[in-house]
Amino acid sequence: MAPPWRYLAQASTATGDTATAITALRTLLQLDPPDPAAAHFQLAQLLHQTGAADEARRQTLLALEEAPRYRDALKLLLELKAGEAPPAVAPAVLPAVVPPL
């Protein structure tokens, strides 16, 4: 009985109702859809649009777990990775140069 949730997600996405589309896709994924990779990817795209980068990354990885060569999911993962702030690195402390005796 997954098609109504898929249709709701598609219609909500088309009309710009992101919150309803996200809820519909989450529900669809609980019902074991025939193409879970596509559902995870669509959910990741919507989450990325709303600024939920960590959850978008998680959904993208779940899509890639289902279909490892899913090009659009790989592109989204790279986009999410590029948008991350680099990890803070402590400046290296250089030893003082001691003149030879």
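A residue counts as partly exposed when its relative accessible area lies between the limit for buried, under 20%, and the limit for exposed, over 50%. By that criterion E55, with a relative accessible area of 23%, is partly exposed. The model in which E55 is examined here is a predicted one, and the account below moves from the overall fold to the core, then to the charged pairs, and finally to individual positions.

The protein contains five helices and zero strands, so that the pattern read along the sequence is α-α-α-α-α. Of its 101 residues, 29% are buried. The protein exposes about 7200 Å², and carbon and sulfur atoms supply 61% of that area. Among the contacts with a separation of 6 or more, 38% are made by residues 24 or more positions apart.

The interior may be considered next. In soluble globular proteins, nonpolar side chains tend to be buried together. Here the largest nonpolar core has 19 residues, and L25 and L43 are the members that touch the most other members. At least two residues of this core come from each of α2 (18–30), α3 (36–50), α4 (53–66) and α5 (71–83). When neighbours within four places in sequence are left aside, L25 is in contact with A9, A39, Q42, L43 and L46. L43 therefore appears both among these contacts of L25 and beside L25 as a core member that touches the most others.

One of the contacts of L25 is Q42, a residue of helix α3. Is Q42 buried, partly exposed or exposed? Its relative accessibility is 34%, so Q42 counts as partly exposed. The C-alpha atom of Q42 is separated by 9.2 Å from that of A63, although the two residues are 21 residues apart along the chain.

Charged side chains form a second theme. Side chains of opposite charge can pair when their charged atoms come close. The structure holds three salt bridges. In one of them E55 pairs with R26, with the closest N and O atoms 3.7 Å apart. This bridge links distant parts of the chain, since E55 belongs to helix α4 and R26 to helix α2, 29 residues apart. Both partners fall in the intermediate class of accessibility: E55 is partly exposed at 23%, and R26 is partly exposed at 36%.

E55 also takes part in a salt bridge with R58, where the N to O distance is 3.5 Å. These two residues both lie in helix α4, three residues apart, which is about one turn of the helix. R58 has a relative accessibility of 48% and therefore counts as partly exposed. Which residues are linked in a network of salt bridges? The network consists of R26, E55 and R58, with E55 bridging to R26 and to R58.

The remaining salt bridge joins R57 and D54, whose closest N and O atoms are 3.0 Å apart. R57 and D54 are likewise both in helix α4, three residues apart, or about one turn of the helix. D54 has a relative accessible area of 60%, and because the limit for exposed is over 50%, D54 is exposed.

Helix α4 also holds T60. At 0% relative accessibility T60 counts as buried, whereas D54 in this helix is exposed. Residues up to four places away in sequence not being counted, T60 touches A44, A73, L76, L77 and L80. T60 and D72 are twelve residues apart in sequence, and their C-alpha atoms are 9.5 Å apart in space.

The last feature concerns aromatic rings. A pair of aromatic rings is described by the distance of the centres and the angle of the planes. A search of the whole structure finds one aromatic pair. In this pair the rings of F41 and Y70 have centres 5.1 Å apart and planes at 45 degrees, so the arrangement is tilted. The value of 45 degrees falls between the limits of 30 degrees for stacked and 60 for edge-to-face, which is why the pair is assigned to the tilted class. The two rings link distant parts of the chain, F41 lying in helix α3 and Y70 in the loop between α4 and α5, 29 residues apart. F41 itself is buried, with a relative accessible area of 8%.

Methods:
Residues numbered from 1 in each chain as written. Predicted model: local features only at pLDDT ≥ 70, side-chain atom pairs only at ≥ 80, totals over all residues. Heavy atoms only, no water. Helix = DSSP H or I, 4+ residues; strand = E, 2+ residues; numbered from the N terminus. Buried < 20%, exposed > 50% of the residue type's maximum accessible area, 1.4 Å probe, protein only. Contact = heavy atoms within 4.5 Å. Areas by Shrake-Rupley, 256 points an atom, 1.4 Å probe, with all protein chains shown as cover. Core = buried A, V, L, I, M, F, W, Y, C linked by side-chain atoms within 4.5 Å. Salt bridge = Lys/Arg side-chain N within 4 Å of Asp/Glu carboxyl O. Phe/Tyr/Trp six-rings, centres within 6.5 Å; stacked < 30°, edge-to-face > 60°.
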